[in-house]
Protein chains: 2
Amino acid sequence: MNHGIRPSVQRVAIMEYLMKHHTHPTVDTIYHDLLATMPTLSRTTVYNTLELLHSHNAVQALTIDSRNVHYDGMMSPHAHFMCRCCGRIIDLPMHSDLPANPLPQHVSRVEQIQLNYSGVCDECNENNC
Amino acid sequence: MNHGIRPSVQRVAIMEYLMKHHTHPTVDTIYHDLLATMPTLSRTTVYNTLELLHSHNAVQALTIDSRNVHYDGMMSPHAHFMCRCCGRIIDLPMHSDLPANPLPQHVSRVEQIQLNYSGVCDECNENNC
DNA sequence: TACAAGTTTGAAACGATTACAAAGTTAAAA
DNA sequence: TTTTAACTTTGTAATCGTTTCAAACTTGTA
C-alpha cells in the first residue's frame, strides 16, 4: 500500500485524496482541496509527491489534456475520455487486452500505456455547449 | 488536400513540413526549421496554423508528452511510443481495430483516439541512458 | 540529546502557450 | 484599376503550469 515510500502526513493525504476522488484531478485541484485541512501545504509538495508516487507506480499521470497533467489513483487497466467542452475526464472500460506484449520494434521496455479518447460528453451534447 | 483551408505560404509550408517529416515535431522544432527558409515566420503563426489544421482534422495533436504538444501529419490509425530517455516518438502499428464504435456510456461523440506507449527505446537501453 | 538524512516550504525562474493589436495581404466589388 | 472588407501574419506582452533552489523543519537513529 505504501509502495516503499515513507508516509509523511502530506504524502498520505495526497494518496488518500486520489484513492477517494476518481475525478482525475490536476495538481492545482488537489492542492486547493487539501489546503482546507492542511493550511501549510505547499504546491511544491504536491508536485514532488505526485512525481514520487508516479515513479513508484502508485499513481498514473494522464497526459490526455495538453494543458496540464491529471492524476489517477486507479491502477487497474482502463481507458479515459476527455470532453473537449467541459474538460471532464471519465473512465472507460478497456475491453481488448491491448498490445502490450509483442514488444514493438525499436522498443526495449514498455512502462506505460494510455488509451485516450476525446470528444463531447452526453451532458455537453444536450446543452450543445 | 487543403481541407477547406485557405492556403497561405506559411500554412502550406507547415503542412508540407509535417507531410515530409514523420518525427512528430513540436511547435518550436517546426518554427526553427522553417525559419531557415522563411526568415519572417512568426512563432504565433505556427501555433495558429497547427491549431487550424488540427481543428480541420488535417493533423493530429499528440499529448503523449506532458511537456509540449507534438504534431503528426499522418492521419491513418497508428499508435505512438515515446522514449522517456531521449524523448523520441516513434510510430507503432495499431493492430486491433480499437473500441471506437460501441459508443461508451456518457459519451456522445468520439472525435479522437490516441494510444500512447512510453518506456525505453532500444538505443537508450544499450547506452543505458 | 545530537546528528544526519530526509521532507516541506515559499520564492523565484523557466518555458510553453495564449492574447492582442498593429501591419500586411488577398479577393472581390465597384 | 481602385477601393474596401475580410482575412492573415507578426511581435510583444501576459499567462500559467511546472521546475529549481535554498532555507527551515521533521524524523529516525546513534
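The following legends describe close-up views of a predicted model. Local features require pLDDT of at least 70 and side-chain atom pairs count only at pLDDT 80 or more, whereas totals for chains, interfaces and linings use all residues. Residues are numbered from 1 along each chain as its sequence is written, chains are lettered from A in the order in which they are written, and side-chain values use heavy atoms, with hydrogens and water left out.

**View 1. Crossing of helices α1(A) and α3(A).** The axes of α1 (residues 9-20) and α3 (residues 43-55) of chain A come within 10 Å and cross at roughly 70°; axes are lines fitted to C-alpha atoms over the stretch in contact, with angles from 0 to 180 degrees between N-to-C directions. Helices are DSSP runs (H or I, at least four residues) numbered from the N terminus. The crossing angle makes α1(A) roughly perpendicular to α3(A), a term that covers 65 to 115 degrees. The crossing is right-handed, that is, the near helix is turned clockwise from the far one by less than a right angle.

**View 2. Residues joining α1(A) and α3(A).** Contact (heavy atoms within 4.5 Å) is made by Gln10(A), Arg11(A), Ile14(A), Met15(A) and Leu18(A) of α1(A). From α3(A), the participants are Thr45(A), Val46(A), Thr49(A), Leu50(A), Leu52(A) and Leu53(A). By class, this contact has seven nonpolar, three polar and one charged residues. Ala, Val, Leu, Ile, Met, Phe, Trp, Tyr, Cys and Pro count as nonpolar, Asp, Glu, Lys and Arg as charged, and the others, Gly among them, as polar.

**View 3. Protein surface near DNA strand D.** Strand D is surrounded by 15 residues, the closest being Tyr47(A), Ser8(B), Arg11(B), Thr40(B) and Thr45(B); a residue is near the strand if one of its heavy atoms lies within 4 Å of it. Sugar and phosphate make up 73% of the strand D atoms that come within 4 Å of the protein. The surface residues divide into three nonpolar, nine polar and three charged. Helix α3(B) gives the most, with three residues.

**View 4. Polar contacts to phosphate oxygens of DNA strand D.** Each pair shown is a polar contact (N or O atoms within 3.5 Å). Phosphate oxygens of strand D lie 2.9 Å from a polar side-chain atom of Tyr47(A), 3.1 Å from a polar backbone atom of Val69(A) and 2.3 Å from a side-chain N or O atom of Ser8(B).

**View 5. Surroundings of His54(A) in helix α3 of chain A.** The side chain of His54(A) reaches the backbone oxygen of Val59(A) at 3.2 Å. Leaving aside neighbours within four places in sequence, His54(A) is in contact with Val59(A), Gln60(A), Ala61(A) and Gln112(A).

Definitions and conventions:
Helix = DSSP H or I, 4+ residues; strand = E, 2+ residues; numbered from the N terminus. Parallel < 35°, antiparallel > 145°, perpendicular 65-115°, else oblique. Polar contact = N/O pair within 3.5 Å; in protein donor to acceptor, adjacent residues only side chain to side chain.
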